[in-house]
Amino acid sequence: MQTDVLVAGSGIAGLTFALKAAEGAEVLLLTKKGRVESNTNYAQGGVAAAVAPDDSPELHLRDTLLAGAGLCHTRAVEELAREGPERVRELVEWGVRFSRERGRLALGREAGHSRRRILHAADLTGHEIERALLEAVADDPRIRVLEDHFVWELRTGLDPRSWRSRCTGAVALDVEGGRFLSIEARAVLLATGGSGRLYRHTTNPAIATGDGVALGYESGAAVANLEFVQFHPTALYPAGSQAFLVSEAVRGEGGVLRTVDGRAFLEDVHPAGSLAPRDVVARAIDLELRRSGAAHVVLDLSALPEGRFGERFPTIARACADRGLDVPAEPIPVVPAAHYQCGGLLTDWDGRTSLRGLYAAGEVACTGVHGANRLASNSLLEAVVYAHRAARRLLQEVQDLAPISGRDAEEPALARDGVDPVEVEDRLREVMWSRVGIVRSDERLEAARAELGELADRPVRSDGTGAAAMRARETGFLSRVAALVVRCALRRRESRGLHYTESHPHRDSERYLRDTVLAA
Ligand SMILES: Cc1cc2nc3c(=O)[nH]c(=O)nc-3n(C[C@H](O)[C@H](O)[C@H](O)COP(=O)(O)OP(=O)(O)OC[C@H]3O[C@@H](n4cnc5c(N)ncnc54)[C@H](O)[C@@H]3O)c2cc1C
C-alpha cells in the first residue's frame with residue numbers, strides 16, 4: 001500500500017493532524033481498535049485556554065511554567081498559550097459543543113490555574129471532542145481510516161539526498177484478518193497516546209501500552225523525560241484495571257480531601273489545600289495511606305451548593321451511584337492511579353522527531369510543554385496545538401520527502417513458545433507500581449531494572465495471528481517502555497516535579513536542570 005501520510009492513532013492528536021494534513025496530502029489513518037477507543041474519549045475535565053476577559057496567554061504561560069518545575073521549554077509553552085484560543089475556536093467550528101452558561105462558554109477551575117480557563121462539555125469533554133472530530137474526518141474524502149489495524153513496526157530507509165536514515169512507512173497488522181501489510185509513506189505521524197498500562201492502577205484504557213515510544217525508539221528516534229509519570233490523586237476506589245477518574249474539577253468546585261476519619265490533611269501540606277498541584281496531592285495521599293494503613297482517602301463534597309455536583313458532574317455522579325454511593329451525602333473513596341506520560345518521543349516545536357520523516361503529537365510526544373509536571377487540562381490543548389503545527393510543517397516538507405521504495409519488509413516472526421503475555425504484564429505492572437511509583441529510591445529503581453531485565457529476556461508467546469499477536473507485541477512494547485522509564489528515573493538523581501526519590505529528596509538545578517534524553 002502507498003500513501004502520502006500515514007497516521008497512527010485516532011485520538012485528538014491523530015484526528016486533528018489528519019484533518020489539517022488532508023488539506024494538501026492524502027492521509028491513511030490506522031487505529032488499533034475501534035476508532036473511538038482512545039484516552040481522549042475518557043477525558044473529563046476539559047481543555048485549558050486563555051479565553052476569559054480576565055485571562056491572558058501570559059498568565060497561562062506563567063501557571064504552566066510554575067507547574068513544570070523548571071523543565072518546561074518556555075518557547076514551547078508560549079506557542080501553546082498563544083495559539084490555544086485559536087485552536088479551541090477551531091474545535092468549535094468542527095462541531096465540538098462546549099458547555100455554556102448564560103450564553104457564554106462555561107469555564108472550570110483546576111489546580112495550578114490562576115484563572116477559570118477550562119472549557120468543558122459537562123464532564124464528558126473528551127467524548128464530545130472525539131465525536132465531533134470523527135464526524136469531520138468521516139466527511140473528508142482525502143482521509144481513509146482503517147480500524148483494527150495495528151502499527152507493528154516502522155519502516156526506515158536511507159535518504160538518497162542526505163544518506164541519513166529516514167522513516168518510510170510502517171508494517172501493520174490487520175488484526176481481524178491476521179495478516180501483515182507493508183505501507184509506504186512519505187511521512188508518518190505517531191499519535192498513539194500514553195503508557196498508563198505500565199501500572200497496576202491506572203485511569204487509562206487498554207490501548208495505552210506505550211506503542212509509539214517503543215516504535216520510535218526501536219527505529220532510532222530519541223525519547224526524553226520518561227521519568228515524569230503523572231499519578232492522578234483521585235481515582236474512584238476500588239480502582240481495578242481501568243480506574244474511574246474523579247476529575248480535579250470536583251475539587252475546583254469545592255470538594256475537600258480528607259482522611260477516612262475526617263481530617264483535611266492537605267491543609268497542613270500546601271497553602272492551596274486540596275487544590276495543591278497534582279504531584280503534591282498524590283504524594284500526600286500516598287504518605288497518608290502508608291502511615292495509616294487505610295485503603296483510601298475520601299473526597300468530601302458537603303461544601304458544594306445543593307444540586308451542584310449532579311448538575312456539573314453527571315457522569316461522575318452516575319458512576320458513584322452505580323457503586324452504591326449516596327454522593328454528596330456520603331464522601332467519595334479515592335486513591336491515586338497512573339494517569340499521564342509527560343515525556344515521550346522528543347520533538348521540536350513542529351512535531352518533528354530526531355528521525356527524519358517521523359512526526360509525533362499528543363501524549364506520545366515530548367514537546368517541552370509539560371516539563372517535570374503537566375498542568376491539568378493542558379494535554380488536550382497541547383495535542384491540538386502541536387498536531388496543527390506538525391501538519392503545517394509536514395505540508396511544507398512533504399514534497400521533499402519522496403517515497404523510498406525498497407524491498408518489502410520481511411514479515412515479522414511470531415513466537416510460538418515463550419511466556420504468556422498476561423503473566424508478563426501482571427509481573428511488570430507489579431514491579432512498576434511497587435518500585436517505580438509515586439515515591440522512588442535508588443534501591444527500588446535498581447531492583448526494578450534487574451527484574452524488568454529478566455522479564456525482557458524471555459520471549460512473549462503469541463497464541464494466534466490476529467488479536468493474540470497484537471497482545472504479545474503490546475506486551476513487548478510495555479516491557480521496552482518500562483525499561484526506558486527506569487533508565488530515565490535512574491539518571492535523575494534529584495527530586496523534581498513528578499519524580500520524587502527518597503535517595504535524593506532535593507532539587508539539584510546545578511546538575512539536573514535539563515531533559516533526560518535517551519537515544520537508541
Ligand atoms: C480518564 C482520563 C481523563 C483525562 N482528562 C483530561 C482532561 O480533562 N484534560 C486534558 O487535557 N487531558 C485529560 N486526560 C489526558 C488526555 O485525555 C490525553 O492525554 C489525550 O487524550 C491524548 O490524546 P492522543 O491523541 O495523544 O492519544 P489517545 O487519545 O490516547 O489516542 C491514541 C490512539 O492511538 C491508537 N494506537 C495506539 N497504539 C497504536 C498502534 N500501535 N497502532 C495503531 N493505533 C494505535 C489508539 O487505539 C488510539 O486511537 C485524561 C486522560 C484520561 C485517561
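Let's start with the aromatic pairs: this predicted model holds seven of them. Take Tyr199 and Phe231, which meet edge-to-face, with 5.1 Å from centre to centre and 80° between the planes. What does that pair tie together? Tyr199 is in the loop between β11 (179-190) and α5 (211-218), while Phe231 belongs to strand β13 (residues 229-236), so the contact joins parts that are 32 residues apart in sequence. And are these two buried or exposed? Both Tyr199 and Phe231 are buried.

Staying with rings for a moment, Phe150, Trp152, Phe180 and Phe477 are linked by ring pairs into a cluster. There is also a charge over a ring: Arg374 places its charged end over Tyr340, 4.3 Å from the ring centre.

Now, on to the ligand. How many residues surround it? The answer is 37, and the closest are Thr40, Gly45, Gly46, Glu363 and Ser379. By type, the shell breaks down into twelve nonpolar, 20 polar and five charged residues. Several elements supply at least two shell residues each, namely α1 (12-21), β9 (149-158), β16 (332-341) and α10 (378-397).

For those of you who like distances, here are three to oxygen atoms of the ligand. An N or O atom in the Thr40 side chain is 2.5 Å from a ligand oxygen. For Glu363, a polar side-chain atom lies 2.7 Å from a ligand oxygen. At Ala13 the partner is a polar backbone atom, with a ligand oxygen 3.0 Å away. As for cover, the ligand on its own has 1,000 Å² of accessible area, and the protein covers 98% of it.

Thanks, everyone, and I'm happy to pull up any of these residues on screen.

Conventions:
Residues numbered from 1 in each chain as written. Predicted model: local features only at pLDDT ≥ 70, side-chain atom pairs only at ≥ 80, totals over all residues. Heavy atoms only, no water. Near = heavy atom within 4 Å. Polar contact = N/O pair within 3.5 Å; in protein donor to acceptor, adjacent residues only side chain to side chain. Areas by Shrake-Rupley, 256 points an atom, 1.4 Å probe, with all protein chains shown as cover. Helix = DSSP H or I, 4+ residues; strand = E, 2+ residues; numbered from the N terminus. Nonpolar A, V, L, I, M, F, W, Y, C, P; charged D, E, K, R; others polar. Phe/Tyr/Trp six-rings, centres within 6.5 Å; stacked < 30°, edge-to-face > 60°. Buried < 20%, exposed > 50% of the residue type's maximum accessible area, 1.4 Å probe, protein only. Lys NZ or Arg CZ within 6 Å of the ring centre and 35° of its normal.
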